[in-house]
Amino acid sequence: MKRKNIRRRLISAAVCLLLTMLTLTGCGTCSGQAVDNPKKTIVEFIDAMQSERFDRTAADAAMSCIGNYSTLGFEKYTEVNDDLLERTLFDMLRNSYSVEFTDDSLAPIPSSYQGRDMTVSGTQAFVRLRFSSLDISAMSEPLSEIVTEVGADRMLMGETYETEADAIALVEEVFTEQFVSDGDVSGYSKEHGITLEMAYIDGGWKIMVSDEFYDALLGR
């Protein structure tokens, strides 16, 4: 009987040590029934935003991942838009999105979980991530300088810009030459360290969009 008790203590100690090692190596401590990984919703949101053609289906798919807003205003880009510059900027912006997790596993996790970059407790989760996107404000200064220079040169050659439409046409032309035709805007990428709150709603994880994340999505 004593031998069995000692053996039981050894097994118990070994299990505790193993769990401690798993915690220290980042696999996390966990308990409770398995649920979908909240990170999957974040990846699905980015995938929807980066659809080859951002149409109503893509907009609806993106919004299905959001829990605290009925709209983020992105659906307006699914309609025919005569503002070439705005549409081009939006397409460049959404294609620049990049998400990185410390632990990139999307496997199901327990409903109570503590990992390297994620904490889950029942219907609430917090996910830490690195989100990259274009910094539109960083692009505006060089664009303004080039537009001013090109406009001044052309005015010396007799061209006039009497209306707002004329000025906008010049901006679109310069923007296309400098940022679209070249295709390399990596120098204007900005990385954000963000913690996203997630809520388990109607059988799935939803992103609770913060002001910080919304600004990053808009390239601010």
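So, is R94 buried or exposed? This is a predicted model, and in it R94 is buried, with a relative accessible area of 2%. R94 sits in helix α4, and I'd like to start with its surroundings.

Setting aside neighbours within four places in sequence, R94 is in contact with M49, Q50, S51, E52, R53 and F54. Then there's D91. A salt bridge joins D91 and R94, with the closest N and O atoms 3.1 Å apart. Both residues lie in α4, 3 residues apart, or about one turn of the helix. If you want the geometry behind that: an α-helix has 3.6 residues a turn, so residues three or four places apart point the same way. D91 is partly exposed, at 21% relative accessibility, whereas R94 counts as buried at 2%. And the pair has company, since R87, D91 and R94 are linked in a network of salt bridges.

Okay, on to the other charged pairs. The whole structure has 8 salt bridges, and I'll pick out two more. One is D117 with K39, at 2.7 Å, N to O. D117 is in the loop between β3 (109-114) and β4 (118-121), while K39 is in helix α2, so this pair ties together parts that are 78 residues apart in sequence. What about burial? D117 counts as buried at 2% relative accessibility, and K39 also counts as buried at 2%.

The other one is E86 with K76, where the closest N and O atoms are 3.2 Å apart. Here E86 belongs to helix α4 and K76 to the loop between α3 (56-63) and α4, 10 residues apart. E86 is partly exposed, with a relative accessible area of 25%, and K76 is partly exposed too, at 42%.

Now for the rings. How many aromatic pairs are there? The count comes to 7. Take F45 and F213: they form a tilted pair, 6.2 Å centre to centre, with 55° between the planes. F45 is in helix α2 (residues 38-49) and F213 in helix α7 (residues 211-217), so the pair ties together parts 168 residues apart in sequence. F45 is buried, with a relative accessible area of 0%, and F213 is buried at 2%.

Next, Y97 and F131, also a tilted pair, at 5.3 Å centre to centre and 45° between the planes. Y97 lies in the loop between α4 (84-95) and β2 (98-100), and F131 in strand β5 (residues 124-134), so parts 34 residues apart in sequence are tied together here. Both of these residues are buried. Ring pairs link F45, Y97, F131 and F213 into a cluster.

That takes us into the core. In soluble globular proteins, nonpolar side chains tend to be buried together. In this model, the largest nonpolar core has 48 residues, and F45, F131, I207 and F213 touch the most other members. For F45, leaving out residues up to four places away in sequence, the residues touched are A62, C65, I66, I207, F213 and L217.

Last stop, helix α5, residues 136-156. Quick sanity check: at 1.5 Å a residue, its 21 residues should span 30 Å, and the end C-alpha atoms are 30 Å apart, which agrees. Within α5, M139, L143, V147 and G151 are buried. The buried residues of α5 pack against α4, β5 and α6 (164-180). And just after the helix, G158 takes a positive phi of about 105°.

Conventions: Residues are numbered from 1 along each chain as its sequence is written. This is a predicted model: local features need pLDDT of at least 70, side-chain atom pairs count only at pLDDT 80 or more; totals for chains, interfaces and linings use all residues. Side-chain values use heavy atoms; hydrogens and water are left out. Rings of Phe, Tyr and Trp (its six-membered ring) pair if their centres lie within 6.5 Å; planes under 30 degrees apart count as stacked, over 60 as edge-to-face and the rest as tilted. Helices (H or I, at least four residues) and strands (E, at least two) are DSSP runs, numbered from the N terminus. Buried means under 20% relative accessible area, exposed over 50%, partly exposed in between (1.4 Å probe, protein chains only). A nonpolar core is a set of buried Ala, Val, Leu, Ile, Met, Phe, Trp, Tyr and Cys residues joined through side-chain atoms within 4.5 Å. Contact means heavy atoms within 4.5 Å. The expected span of a helix is 1.5 Å times one less than its number of residues. A salt bridge is a side-chain nitrogen of Lys or Arg within 4 Å of a carboxyl oxygen of Asp or Glu.
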